[in-house]
Amino acid sequence: MSSTETHRSPAFRTSSFLSYKGLLNFRDLGISTAENSQRKKEGILFRSATLDNLTADDVNRFIEEHNIRTIVDLRTSREAHSEAAIDHSFPTTVVENIRPSNLFPVEDATEDANGKLVHQEIHPSSTTAVVRKKYRIALTGKNFERYAVFMSCSLRQKALLIWYLVSCQPNRAAFLVGKEILAPMGIGNMYKKFLIYCQREILETLLIFTNPDNYPIQFHCTQGKDRTGLISCLLLSIAGVPEDIIVQDYAKTQDGLAPIRDEMLVDLQRVGLTDEFADALPQNMEMLLKYLRATYGSVQEYLISIGFDKTLQERVRNIIAADCLT
């Protein structure tokens, strides 16, 4: 990494990264991808690892620095910490409990609690209180667990999993899945299965980005690597960022998680996974993009196939792409 550059205390830039105590792998996608290609606006899309470790003071400074309006949490509910300070400023909505049509505006409108279409426009200099919110979308939730994991198990593995779960042995179930299913699958193939079995969740996630009232948006999973990396890839593709820049941004996570690598390796061993799952190697994202081209023709055609049509893609591009300045 390059030497530390002051960036409006308390956040500072180290190369592409913005640093806060308790927050890892945090970067502005506009800055991260602008080093070689000015295709994304700065200050509207941020990615990171979990925000659960931020203190109340950290959260206040985080909001002041970046004016985040919306957080998209890609984890399952069981991964999240209870009573995290961030939740007091960003009330959480579990997306599986609401209609997908509620996630995007019709002619720049959103629905209020009574189903009436309204438009919320807040000028940056306005003194009006900003509505901040968090959506939780379990990107690798029930569908991934059912079809990518359980249905790929042998009869022996299925029997063991069922036994472990009904006998309240979740750690043994997790170890079995990690060692015998996910580790042999590898990260590259796991990403492909995200695309196949998590299509509804991907669509729900991207719909949030169609509403200009939601920006600036921060999105994350636990480490900000796999699930976050996939959504980042799709958003950057919509913005027209070249594939090599998308790969470079993904690979920056290797440095972003370096401070906790030893801890990650211990955690991975505990759940039966190999060291590969701690890494964000360029070939992982290259394999994902190659699969999208070979199977669907392009990222854009994949998105159309899951219901995120050209009109919705254009809505997002008009908000985040640097050549669509407002």
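Let's start with helix α6, which covers residues 170-197. (Helices here are DSSP runs of H or I with at least four residues, strands are runs of E with at least two, and both are numbered from the N terminus.) α6 has 28 residues, yet its end C-alpha atoms are only 23 Å apart, while a straight helix at 1.5 Å a residue would reach 40 Å. That expected span is 1.5 Å times one less than the number of residues. Where does α6 bend? Look at Gly186: the helix turns there by about 105 degrees. The bend at a residue is the angle between two fitted axes, one for the seven residues ending there and one for the seven starting there.

A quick word on what you're looking at. This is a predicted model, where local features need pLDDT of at least 70 and side-chain atom pairs count only at pLDDT 80 or more, while totals for chains, interfaces and linings use all residues. Residues are numbered from 1 along each chain as its sequence is written, and side-chain values use heavy atoms, with hydrogens and water left out.

Now for the inside. A nonpolar core is a set of buried Ala, Val, Leu, Ile, Met, Phe, Trp, Tyr and Cys residues joined through side-chain atoms within 4.5 Å. Buried means under 20% relative accessible area, exposed means over 50%, and partly exposed is in between, using a 1.4 Å probe and protein chains only. The largest core has 74 residues, and Leu45, Ile202 and Phe308 are among those with the most contacts inside it. Our bent helix α6 supplies the largest share of this core, twelve residues. There's also a second, separate core of 15 residues, including Ile63, Ala84 and Phe90.

Ala84 sits in the loop between β6 (70-73) and α3 (86-89). Is Ala84 buried or exposed? It's buried, with a relative accessible area of 4%. Its C-alpha atom is 5.3 Å from that of Asp52, although the two are 32 residues apart along the chain.

Next, find strand β11 (217-220). β11 runs parallel to β5 (residues 45-48), joined by four bridges, and parallel to β6, again through four bridges. Two strands pair if DSSP finds at least two bridges between them. Leu45 stands opposite Ile217 in β11, and Val72 has Phe219 as its bridge partner. Both faces of β11 are covered: Ile217 and Phe219 on one side, and Gln218 and His220 on the other, are all buried.

Just before β11, in the loop that follows α7 (199-208), is Asn211. Asn211 is buried too, with a relative accessible area of 3%.
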